[in-house]
Amino acid sequence: MIVDSEDELEGLRHIGRICARTIQVMAEKMEPGMTTGELDAVGRQYLESCGAVSAPELCYEFPGATCISVNEEVAHGIPGDRVIAAGDLVNIDVSAFKDGYFSDTGASFGVGAMPARTERLLRDGKRAMWLGINQVKTGNRLGAIGDAIGKFARKHRYTLIQNLASHGIGRSLHEEPGEIATWPDKHEKRIMQEGQVFTVEPFLSLGAIFAEDGDKDNWTLFGEPGALTVQFEHTLVVTRNGPVVLTLPD
């Protein structure tokens with residue numbers, strides 16, 4: 001999608017705020033002892049109260065309104081009867097549709113007190129995302145996003161999941177530009193265009209390099225090799241003055 005009117009930008013902002021607030025509400029309600037299914041119900045209720053529809057359900061018949069991944073799960077975790085415990089690392093990924101527009105955002109959270117290494121991973125996962133976002137500007141290389149995140153990961157001795165990429169979004173949940181690497185990719189020659197809409201969502205890890213299917217279900221992805229991984233994600237618009245971040249709660 002290329003944004004070329006204020007009406008389009010406002011439509012994207014509206015669904016972006018809804019997605020961001022959904023994560024905010026879910027994070028506030030999350031506590032030890034509740035199930036991921038109960039947490040998903042909180043998200044569903046908020047989306048529906050805003051007149052929005054879960055994008056994974058709409059587009060892929062995903063068995064949940066949101067994706068909730070715990071500890072060893074990297075992405076696409078199905079909400080269900082898994083009980084959230086103190087010390088768990090939980091990722092919430094929310095994408096939704098309203099009035100012709102899609103948006104997508106995600107964040108990872110520690111439940112209660114966390115080991116210092118996990119706290120650093122959470123902090124640095126968010127920093128890595130913003131380093132990537134700060135490369136967004138009309139005329140810049142898409143590859144600059146992965147270069148900046150990769151430099152940060154190397155410096156702090158993290159790895160990056162290299163088969164879960166950022167993506168275009170707007171009129172569809174996944175559209176052009178497709179497969180935007182959040183790791184260094186010397187083959188990425190594409191240039192950011194004014195008004196382009198896409199996500200930036202690095203998966204920063206304590207050792208995993210790829211996300212692979214396990215034997216749990218047909219959706220949940222696990223790190224290979226196994227290691228704690230965090231994801232932070234925003235949807236944004238490219239402008240000559242830098243990124244316009246759409247998935248902020250205010």
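This report walks through the pockets, salt bridges and one helix of a predicted model.

## Ground rules

Since the model is predicted, local features need pLDDT of at least 70 and side-chain atom pairs count only at pLDDT 80 or more, while totals for chains, interfaces and linings use all residues. Residues are numbered from 1 along each chain as its sequence is written, and side-chain values use heavy atoms, with hydrogens and water left out.

## The largest pocket

Let's start with the empty space. The largest pocket comes out at about 510 Å³. Here a pocket is an open set of points on a 1 Å grid over the protein atoms alone, where a 1.4 Å probe fits, with protein on both sides within 12 Å along at least five of seven lines; lining residues have an atom within 4 Å of a point. The volume is the space filled by probe spheres set on those points, which are joined across faces, edges and corners.

There are 25 lining residues, and His76, Asp104, His167, His174 and Glu201 sit closest to the centre. Two or more residues each come from helix H3 (55–60) and from strands E4 (89–98), E7 (166–168) and E8 (175–180). Helices (H or I, at least four residues) and strands (E, at least two) are DSSP runs, numbered from the N terminus. By type, the lining splits into 10 nonpolar, nine polar and six charged residues. In that sorting, Ala, Val, Leu, Ile, Met, Phe, Trp, Tyr, Cys and Pro are nonpolar, Asp, Glu, Lys and Arg are charged, and the others, Gly among them, are polar.

## The second largest pocket

Next up is a pocket with about 310 Å³ of space, the second largest. It has 18 lining residues, with Ile23, Gly106, Ala107, Lys126 and His234 nearest its centre. Helix H1 (6–29), strand E5 (101–110) and helix H4 (116–133) each put in at least two residues, and E5 gives the largest share, five. This lining has 10 nonpolar, six polar and two charged residues.

## Salt bridges

The model has 10 salt bridges, each one a side-chain nitrogen of Lys or Arg within 4 Å of a carboxyl oxygen of Asp or Glu. One of them pairs Glu8 with Arg171, at 3.7 Å from N to O. Glu8 belongs to helix H1 and Arg171 to the loop between E7 and E8, so this pair ties together parts that are 163 residues apart in sequence. Glu8 is buried at 15% relative accessibility, whereas Arg171 is partly exposed at 42%. For these labels, buried means under 20% relative accessible area, exposed over 50%, and partly exposed in between (1.4 Å probe, protein chains only).

Another bridge joins Glu57 and Arg44, whose closest N and O atoms are 2.7 Å apart. Glu57 is in helix H3 and Arg44 in helix H2 (residues 36–49), 13 residues apart. Both ends are partly exposed: Glu57 at 27% and Arg44 at 28%. Arg190 and Glu188 also meet at 2.7 Å, N to O; Arg190 is partly exposed at 30%, but Glu188 is buried at 8%. Finally, Glu72, Glu73 and Arg82 form one network through salt bridges that share partners.

## Two sides of helix H2

At 1.5 Å a residue, the 14 residues of H2 should span 20 Å, and the end C-alpha atoms are indeed 20 Å apart. That expected span is 1.5 Å times one less than the number of residues.

Thr36, Leu39, Asp40, Val42, Gly43 and Leu47 are the buried residues of H2. They cover an arc of only 150° around the axis, so they lie on the same side of H2; the arc is that of the directions from the helix axis to the C-beta atoms. Gln45, Glu48 and Ser49 are exposed on the other side of H2.
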